[in-house]
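Subject: Handing over the structure

Hi,

Here is the structure I promised to pass on to you. Have a look at it first, and then read on for what I found.

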Amino acid sequence: MSIKLYGSKTSPYVRRIRILLENQDFQFELVDLYNDEARAQYALLNPLKKMPMLDDNGQKIFDSHVIADHIQQKFNLPKPTLAQLNLVSAVDAVTDSLIILFYGKRSEFEISKDKLIFQLQLERIPDVLTYLEKEAETGAFEQWHYASIALMTLINWIEFRSLYDLTPYKALLKAVDLHRDKAIVKETMPE
Ligand SMILES: N[C@@H](CCC(=O)N[C@@H](CS)C(=O)NCC(=O)O)C(=O)O
């Protein structure tokens, strides 16, 4: 049996899969999408040129959610509820918006509400974080499940890259703190 996970150590989407694969035997193949040569090599395996990608005994799987679903079934992990999947979608919305802003900055664009593409992200991020904050206040992330994993990977990635001021989101930070001492969380912390 051979499972290979392709991705970077910093990607929040990749880290979710590394956490789900805790205690499983798999190879972690590092991908550097910012390196032209490495990206061209990766494109030969994955035309989407996105990470993560899983190769399970020759079966390639694109997209973290499809991979997560496959892993949860394969290793009899708990299946997320619809409520938890909605939280994951909300975490994704913030993650994707921050990725767009991150690429915007790397491309030396001025990030301002004058440009529609940035305005949409700059509006979405606080709105969705406020929604998640209210969910956290009700205890939605107290247990360690797929949505808590997604939240953890988002918050740690924001902290690692200094992407956004999270100080107003006290319940979210508290929720993440509940799980910070887990061995797999420490092992996979972005560095
Ligand atoms: N919906 C995808 C999103 C994956 C994603 O956006 N990954 C980023 C890294 S965090 C990426 O590969 N970006 C490369 C690109 O957009 O060119 C998933 O859940 O796997």
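Let me begin with helix 3 (residues 64-74), which lies across strand 3 and strand 4 and runs at about 125° to strand 4. Before going further, please keep in mind that this is a predicted model.

**The sheet**

The strands under discussion belong to an open sheet of four, in the order 2-1-3-4, with mixed pairing. Its edges are strand 2 (27-30) and strand 4 (59-62), each of which pairs on one side only. From one strand to the next, the twist averages 20°. As a general reminder, strands of a sheet pair through backbone hydrogen bonds, either parallel or antiparallel.

Strand 3 (residues 53-56) and strand 4 pair in the antiparallel sense, over four bridges. If you want to step through the register, M53 has F62 as its bridge partner in strand 4, D55 has K60, and D56 stands opposite Q59. The two strands form a hairpin with two residues between them, and N57 in the turn has a positive phi of about 50°.

Strand 3 also pairs with strand 1 (residues 3-7): the two run antiparallel and are joined by four bridges. In that pairing, L5 stands opposite L54 of strand 3.

**Around the ligand**

Which residues surround the ligand? They are S11, P12, Y13, L33, K49, K50, M51, P52, D63, S64, H65 and I99. Helix 1 and helix 3 are the elements that give two or more residues to this shell, so helix 3 comes up here as well as across the strands. By class, the shell has six nonpolar, three polar and three charged residues.

Two members of the shell deserve a look at their backbone. P52 sits in the loop between helix 2 (36-45) and strand 3, and a cis peptide bond joins M51 to P52, with omega at about 10°. K49 is found in the loop between helix 2 and strand 3 too, and its phi is near 55°, a positive value in a residue other than glycine. Is K49 buried or exposed? It falls in between: K49 is partly exposed, because 13 other C-beta atoms lie within 10 Å.

**A second positive phi in a loop**

N76 is not a glycine either, yet it has a positive phi of about 55°. This residue is found in the loop between helix 3 and helix 4. With 7 other C-beta atoms within 10 Å, N76 counts as exposed.

**Helix 4**

Helix 4 (residues 82-106) gives a simple check on geometry. At 1.5 Å a residue, its 25 residues should span 36 Å, and the C-alpha atoms at its ends are 35 Å apart, which agrees.

Where is the buried side of this helix? L87, V88, A90, V91, V94, T95 and L98 are the buried residues in helix 4. For reading such a list, recall that an α-helix has 3.6 residues a turn, so residues three or four places apart point the same way. The cover over the buried residues of helix 4 includes helix 1 (12-20), helix 5 (116-137) and helix 6 (146-161). After helix 4 comes E108, whose phi is positive, near 65°.

**S148 in helix 6**

One last residue to pick out is S148, whose place is in helix 6. S148 counts as buried because it has 23 C-beta neighbours inside 10 Å, where 20 or more is the cut-off. Leaving aside residues up to four places away in sequence, S148 touches F141, Q143 and H179. D165 is 17 residues from S148 along the chain, and their C-alpha atoms are separated by 20 Å.

If you open just one region to begin with, I would suggest the loop between helix 2 and strand 3, where you will find both K49 and P52.

Best wishes

Key: Residues numbered from 1 in each chain as written. Predicted model: local features only at pLDDT ≥ 70, side-chain atom pairs only at ≥ 80, totals over all residues. Expected span 1.5 Å × (residues − 1). Buried ≥ 20, exposed ≤ 12 C-beta atoms within 10 Å, placed from the backbone. Contact = placed C-beta atoms within 7 Å. Pairing = 2+ DSSP bridges. Axes fitted to C-alpha atoms, helices over the stretch in contact; angles between N-to-C directions. Near = placed C-beta within 6 Å. Nonpolar A, V, L, I, M, F, W, Y, C, P; charged D, E, K, R; others polar.
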